[in-house]
Structures are given as structure tokens and as C-alpha cells.
Amino acid sequence: MLVNFLVFFDYLSISQIAKSKFFYFSQGAVPMQEILGLVRRCVTDYDMIQEGETVAVGVSGGKDSLVTLTALARLSKFYQKPFKVAAITVETGVPGMSFDAVADYCAALGVEYIRVDAVSYTHLRAHETTL
């Protein structure tokens, strides 16, 4: 949920989060090195990334997608098969939703950020039917 991500921003600057050695969840801190090790092992064991590929990560602003993005961005810096990472968010136009903090975080990670406009929430509500 984007709210959890934004609360996290209250405690650390964007650049501190991007370089943090821990990722913070409601249950406590998990060492980023531990997460990175698991991701690297999975990518290697299942031959998931080939040299020169761009890995797209769907980013909602929640902790799951942000941990995945962070781990892959860090892995791309030293993995034996060079690859790039891009973050993608589908913006549906839900009132009050802003992904500016996600854009700032992607910039701090050095990751391309792509926003895709979908059919807007307002458009869907306007064409809603009742049964």
C-alpha cells in the first residue's frame, strides 16, 4: 500500500532508503543483504535473467514491489550477466493517488520509471451500472 511507503519516507530521506542496509516491515527490519542473496540465488538457479535484458518490475508503491525493485536494482550493479531494471506503474486515476514518491525513489535507485495511463477511475465510475 502506498501509504506504508510514504510513512517510511517520514523517517529517512529517499537517498537513505535507496542505500539502506535494511528494509523495514511492520514485523521489523530485514537485512537487505539477506533479501538480495535470496533474489540472486533464485535468479541464478532458474536462469531468469539473460545478458542485456531489461527486467520490468510492476510497482504499486507497496512494500512487496518496492523490495523487489530495490533488490533487482542492486543485483544489476554486480550480477555476472549485465542487465537493466525498469519500474512500471499503471495509473488508474484513483482520486488522491500520487506516485511522485515512487518516481523519486526510482531516480535515487537509478532505475527508469514508466507511468502508464489506464482507463481512469472517474471514467469507470461514470459508466458504472447497477444491477
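The expected span of a helix is 1.5 Å times one less than its number of residues. Keep that rule at hand for these exercises on a predicted model.

**Exercise 1.** Work out what span α3 should have, and compare it with the distance between its end C-alpha atoms.

*Solution.* Start with the length: α3 has 14 residues. At 1.5 Å a residue, the helix should therefore span 20 Å. Now look at the model, where the end C-alpha atoms of α3 are 20 Å apart, so the two values agree.

**Exercise 2.** Find the buried residues of α3, then decide how they are placed around the axis.

*Solution.* First, pick out residues under 20% relative accessible area. In α3 these are Met32, Ile35, Leu36 and Val43. Next, check their directions: the four buried residues cover an arc of only 95 degrees around the axis, which means they lie on the same side of α3. A helix has 3.6 residues a turn, so residues three or four places apart point the same way. Finally, turn to the face away from the buried side, which carries the exposed residues Gln33, Arg41 and Asp45.

**Exercise 3.** Describe Asp47: where is it found, what is its phi, and how accessible is it?

*Solution.* Asp47 follows α3, in the loop that leads to β3 (54–58). Its phi is near 50 degrees, a positive value in a residue other than glycine. Buried means under 20% and exposed over 50%; Asp47 has 43% relative accessibility, so Asp47 counts as partly exposed.

**Exercise 4.** Judge how confident the predictor is along the chain.

*Solution.* The mean pLDDT of the protein chain is 79, and 69% of its residues reach 70 or more. Over residues 1–13, however, the pLDDT is below 50. Where pLDDT is low, the predicted coordinates should not be read in detail.

Key:
Residues are numbered from 1 along each chain as its sequence is written. This is a predicted model: local features need pLDDT of at least 70, side-chain atom pairs count only at pLDDT 80 or more; totals for chains, interfaces and linings use all residues. Side-chain values use heavy atoms; hydrogens and water are left out. Helices (H or I, at least four residues) and strands (E, at least two) are DSSP runs, numbered from the N terminus. Buried means under 20% relative accessible area, exposed over 50%, partly exposed in between (1.4 Å probe, protein chains only). pLDDT is the predictor's confidence in each residue, from 0 to 100. Contact means heavy atoms within 4.5 Å. The arc is that of the directions from the helix axis to the C-beta atoms.
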